[in-house]
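Biologist: I would like to go through the packing of this chain, then its cysteines and one of its helices. Please show the model before we start.

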Amino acid sequence: MTKTDSDFMDRAIALARQGDASQGGGPIGCVIVLDGAIIGEAHNEVGTQNDPTAHAEILAMRRAGQKLRRSRFAHATLYSTLQPCGMCSMASIWAGISRIVYGAERDQVHQMYFEDRHFETMDFIRDAFKDDLTVTGGLRAAQCAQLYYGPGDNPPESAQANK
């Protein structure tokens, strides 16, 4: 059976739920797929590792690199439950990812999930002259957005990131 974008996003959602349930983890899941096979996957581990770069996308790239013994992933697709931040977008460019598919858009979630500055994924891609990277947002968007605090929510101070 051939897996679809929705199947891989379902796996990313499952990872996000794992991260949310773990001590110090976070509700962002990521799967990287090459030739129909998962080569790297992760959920956010910033709190677990005490590492501000331990985003799901970065960890999935690190694991893909370890598995494939290389740092570039041409023709790979990165699936993330949330629109990648600036750091993860740039890392995707450096890694040669060919396609990004994400679930929830930044306007569907609380602003705390993004930097105070309004960086846009597409701006990074356009500025890097990446015409060989495609980005598709909104896959299972409503389901992914349910993983996060919404725009009108008032999350507890202890849960707020990027402050």
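Biologist: Which residues does Ile97 touch, not counting residues up to four places away in sequence?

Modeller: This is a predicted model. Ile97 is one of the residues with the most contacts inside the largest nonpolar core. Leaving out residues up to four places away in sequence, Ile97 touches Ile32, Phe73, Ala76, Leu78, Ser92 and Leu133.

Biologist: How many residues does the largest nonpolar core have, and which elements each supply at least two of them?

Modeller: The core has 42 residues, and Met9, Val31, Met61 and Phe73 are among those with the most contacts inside it. At least two residues each come from helix 1 (5-21), strand 1 (26-34), strand 2 (37-44), helix 3 (56-68), strand 3 (77-82), helix 4 (86-95), strand 4 (99-104) and helix 6 (141-145).

Biologist: Is Ser80 buried or exposed, and which backbone oxygen lies 2.9 Å from a polar atom of its side chain?

Modeller: Ser80 lies in strand 3. Because its relative accessibility is 0%, Ser80 counts as buried. Beyond its neighbours within four places in sequence, Ser80 is in contact with residues including Met9, Cys30, Glu57 and Tyr102. The backbone oxygen 2.9 Å from a polar atom of the Ser80 side chain is that of Leu82.

Biologist: Cys30 is among the contacts of Ser80. Why does Cys30 form no bond with the closest cysteine sulfur?

Modeller: The structure holds zero disulfides. Cys30 is buried, with a relative accessible area of 0%. The closest cysteine sulfur, in Cys88, is too far from the sulfur of Cys30 for a bond, because the distance is 7.9 Å.

Biologist: What is the nearest cysteine sulfur to Cys88, and how far away is it?

Modeller: Cys88 is buried as well, with a relative accessible area of 0%. A disulfide needs the sulfur atoms within 2.5 Å. Cys88 is in no disulfide; the nearest cysteine sulfur belongs to Cys85, at 3.7 Å.

Biologist: Which residues of helix 3 are buried, and what covers them?

Modeller: The buried residues are Ala56, Glu57, Ile58, Leu59, Ala60, Met61, Ala64 and Gly65. Their cover includes strand 1, strand 2, helix 2 (46-49), strand 3 and helix 4.

Biologist: How far does helix 3 reach from its first C-alpha to its last, and which residue just after it takes a positive phi?

Modeller: Helix 3 has 13 residues, for which 18 Å is expected at 1.5 Å a residue. Its reach is close to that, at 18 Å. The residue just after helix 3 with a positive phi, of about 60 degrees, is Arg69.

Notes. Residues numbered from 1 in each chain as written. Predicted model: local features only at pLDDT ≥ 70, side-chain atom pairs only at ≥ 80, totals over all residues. Heavy atoms only, no water. Core = buried A, V, L, I, M, F, W, Y, C linked by side-chain atoms within 4.5 Å. Buried < 20%, exposed > 50% of the residue type's maximum accessible area, 1.4 Å probe, protein only. Helix = DSSP H or I, 4+ residues; strand = E, 2+ residues; numbered from the N terminus. Contact = heavy atoms within 4.5 Å. Polar contact = N/O pair within 3.5 Å; in protein donor to acceptor, adjacent residues only side chain to side chain. Expected span 1.5 Å × (residues − 1).
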